[in-house]
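This report describes a pocket, a set of aromatic ring pairs and several individual residues. The sequence and the coordinates are shown first.

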Amino acid sequence: MFIFGYFLYALAVVIKLALGIYMWVVIARVILSWVNPNPYNDFVHQIIRAVYSITDPVLYRIRAMIPLNFGGIDLSPIVVILGIEFLQIFLVRSLMEIAQRLIY
């Protein structure tokens with residue numbers, strides 16, 4: 001059973017890493033919405049498009065389910081970050097705990 005335990009532990013680490021990266025991409029999206037980057041720089045424009053294409057599907061679903069727009073302030077990134085934190089605490093820690101019990 002220890003092999004399955006190590007598999008669960010590795011899966012938990014990968015999920016934690018992916019959720020952490022996605023949280024930083026959402027934070028980058030928020031910062032990009034505050035500043036006006038140079039649209040003539042092609043490299044910057046590609047990065048901005050990549051950030052928006054990664055975050056748009058999740059943010060649009062949150063906006064459709066819960067209209068969180070108060071006076072021009074979009075609160076959907078806060079909901080996404082809270083959801084990521086919930087998944088990191090509940091899902092990742094649960095997987096790590098199950099993995100440790102299977103290993104030892």
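What is the volume of the largest pocket? In this predicted model, the largest pocket has a volume of about 250 Å³. Its lining consists of 13 residues, and those closest to the centre of the pocket are Val30, Ser33, Trp34, Asp74 and Pro77.

**The lining of the pocket**

Helix H1 (2-34), helix H2 (42-65), strand E2 (73-74) and helix H3 each contribute at least two residues to the lining of the largest pocket. The largest share, four residues, is supplied by H1. By residue class, the lining comprises eight nonpolar, two polar and three charged residues.

**Ser76 and Gln88 in helix H3**

Helix H3 covers residues 76-103, and Gln88 is placed within this helix. Ser76 also lies in helix H3. Is Ser76 buried or exposed? Ser76 has a relative accessibility of 0%, and the cut-off for buried is under 20%, so Ser76 counts as buried. The side chain of Ser76 makes a polar contact, at 3.0 Å, with the side chain of Asp74. Asp74 is also one of the residues closest to the centre of the largest pocket. When residues up to four places away in sequence are not counted, Ser76 touches Leu59, Ile62, Arg63 and Leu68.

Gln88 counts as buried because its relative accessibility is 16%, with the limit for that class again being under 20%. Apart from neighbours within four places in sequence, Gln88 is in contact with Lys16, Leu19, Gly20 and Arg93.

**Aromatic pairs**

How many aromatic pairs does a search of the whole structure find? The search finds three aromatic pairs. One of them joins Phe2 and Tyr6 in an edge-to-face arrangement, with 6.3 Å from centre to centre and 85 degrees between the planes. Phe2 and Tyr6 are four residues apart in helix H1, so about one helical turn separates them. Phe2 is partly exposed, with a relative accessible area of 47%, and Tyr6 is likewise partly exposed at 46%.

In the pair of Phe86 and Phe90, the ring centres are 5.6 Å apart and the planes meet at 10 degrees, so this pair is stacked. Planes count as stacked when they are under 30 degrees apart. Phe86 and Phe90 are four residues apart in helix H3, so they too are separated by about one helical turn.

**Accessible residues and C-alpha separations**

Ile89 belongs to helix H3 and is partly exposed, with a relative accessible area of 46%. Where is Gly72 found? Gly72 is in the loop between strand E1 (69-70) and E2. Gly72 counts as exposed because its relative accessibility is 68%, and the exposed class requires a value over 50%. Phe70, whose place is in strand E1, is exposed as well, with a relative accessible area of 53%.

For each of these residues, the table gives a partner along the chain and the corresponding separation.

| C-alpha pair | Separation in sequence | Separation in space |
|---|---|---|
| Ile89 and Ala99 | 10 residues | 15 Å |
| Gly72 and Arg49 | 23 residues | 22 Å |
| Phe70 and Leu91 | 21 residues | 31 Å |

In the table, the C-alpha atoms of Phe70 and Leu91 are separated by 31 Å with their positions 21 residues apart along the chain, whereas those of Gly72 and Arg49, 23 residues apart in sequence, are separated by 22 Å.

Technical notes. Residues are numbered from 1 along each chain as its sequence is written. This is a predicted model: local features need pLDDT of at least 70, side-chain atom pairs count only at pLDDT 80 or more; totals for chains, interfaces and linings use all residues. Side-chain values use heavy atoms; hydrogens and water are left out. Buried means under 20% relative accessible area, exposed over 50%, partly exposed in between (1.4 Å probe, protein chains only). Contact means heavy atoms within 4.5 Å. A polar contact is a pair of N or O atoms within 3.5 Å; within protein, one must be able to donate a hydrogen and the other to accept it, and residues adjacent in sequence count only if both atoms are side-chain atoms. On a 1 Å grid over the protein atoms alone, a cavity is a set of points where a 1.4 Å probe fits but cannot get out, and a pocket is an open set with protein on both sides within 12 Å along at least five of seven lines; lining residues have an atom within 4 Å of a point. Grid points are joined across faces, edges and corners, and a volume is the space filled by probe spheres set on the points. Ala, Val, Leu, Ile, Met, Phe, Trp, Tyr, Cys and Pro count as nonpolar, Asp, Glu, Lys and Arg as charged, and the others, Gly among them, as polar. Rings of Phe, Tyr and Trp (its six-membered ring) pair if their centres lie within 6.5 Å; planes under 30 degrees apart count as stacked, over 60 as edge-to-face and the rest as tilted.
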